[in-house]
Amino acid sequence: HSDNRFLSAMGARAIIDLFIFRKVGDCTFSQGLSALVEKGYITTRNKIVIESAIEAGHAASHRLYRPTSEQLNSVMDIVESLIQQDLLEESAETLRKTIPKRGDR
């Protein structure tokens with residue numbers, strides 16, 4: 001709400017970095033995204049989308065890039081989608097364990 005879009009873009013990049021660290025360990029963004037694809041956490045198509053949010057964070061951190069509100073909303077949507085998908089997968093796994101198995105006919 002303070003209109004500090006630099007910091008918000010940097011923070012979004014940091015969240016992606018923490019997600020990568022949590023899933024595949026300490027590595028560069030590029031290595032981490034490739035590892036996420038290899039391990040099936042994201043698709044190749046998701047990787048391309050996530051790379052754009054990372055690049056916005058890089059640009060805000062290193063090149064004085066100040067995204068517009070609309071651009072920042074896109075970055076936040078990408079980060080939220082990544083986290084939501086991860087949480088949904090965990091919820092789905094828990095749900096699968098509680099569903100009774102189908103009997104033989």
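**Arg 22 and its partner**

I started with Arg 22, which counts as exposed at 51% relative accessibility. The cut-off for that class is over 50%, so Arg 22 with its 51% passes it. I am working with a predicted model here.

Next I looked for what Arg 22 pairs with, and found a salt bridge to Asp 86, with the closest N and O atoms 2.9 Å apart. Arg 22 belongs to helix α1 and Asp 86 to helix α4, so this pair ties together parts that are 64 residues apart in sequence. Is Asp 86 buried or exposed? I looked it up: Asp 86 is buried, at a relative accessible area of 7%.

**Lys 23, on the same acid**

I then turned to Lys 23, which also forms a salt bridge with Asp 86. Here the closest N and O atoms are 2.8 Å apart. Lys 23 lies in helix α1 and Asp 86 in helix α4, so the pair ties together parts 63 residues apart in sequence. Both Lys 23 and Asp 86 are buried.

Which residues make up the network of salt bridges here? I noted Arg 22, Lys 23, Asp 86 and Glu 90 as its linked members. My count of salt bridges in the model comes to five.

**A pair within α4**

I also checked Arg 96 and Glu 93, whose side chains meet in a salt bridge at 2.7 Å, N to O. Both sit in helix α4, three residues apart, which is about one turn of the helix. Arg 96 is partly exposed, with a relative accessible area of 49%. Glu 93 is partly exposed too, at 35% relative accessibility.

**Lys 47, a charge without a bridge**

Lys 47 caught my eye in helix α3. How far away is the nearest side chain of opposite charge? I found Glu 51 at 4.2 Å. A salt bridge needs the nitrogen within 4 Å of the carboxyl oxygen, so Lys 47 is left with no salt bridge, although it is buried. I listed its contacts as well, leaving aside neighbours within four places in sequence: Leu 33, Ser 34, Val 37 and Ile 42.

**The nonpolar core**

From there I moved on to the largest nonpolar core, which has 19 residues. Ile 16, Leu 33 and Ile 50 are the ones with the most contacts inside it. I checked which helices feed this core: α1 (5-24), α2 (29-38), α3 (44-62) and α4 each supply at least two residues. As a reminder to myself, nonpolar side chains tend to be buried together in soluble globular proteins.

I followed Ile 16 a little further. Not counting residues up to four places away in sequence, Ile 16 touches Ile 50, Ala 53, Ile 54, Val 79 and Leu 82.

**Nonpolar groups on the surface**

Which residues form a nonpolar patch on the surface? I have Ile 15, Ile 83 and Leu 87 down for it, with about 230 Å² of accessible area together. Of these I looked up Leu 87, which is placed in helix α4 (residues 69-98). Leu 87 is partly exposed, with a relative accessible area of 47%.

**Last look: Ser 52**

I closed with Ser 52, found in helix α3. Ser 52 counts as partly exposed at 40% relative accessibility. I also took one distance from here: the C-alpha atoms of Ser 52 and Leu 72 are separated by 11 Å, with the two residues 20 apart along the chain.

Notes: Residues numbered from 1 in each chain as written. Predicted model: local features only at pLDDT ≥ 70, side-chain atom pairs only at ≥ 80, totals over all residues. Heavy atoms only, no water. Patch = residues over 30% accessible without salt bridge, like charges linked within 9 Å, V, L, I, M, F, W, Y side chains within 5 Å. Areas by Shrake-Rupley, 256 points an atom, 1.4 Å probe, with all protein chains shown as cover. Helix = DSSP H or I, 4+ residues; strand = E, 2+ residues; numbered from the N terminus. Buried < 20%, exposed > 50% of the residue type's maximum accessible area, 1.4 Å probe, protein only. Core = buried A, V, L, I, M, F, W, Y, C linked by side-chain atoms within 4.5 Å. Contact = heavy atoms within 4.5 Å. Lys, Arg positive; Asp, Glu negative; His and termini not counted.
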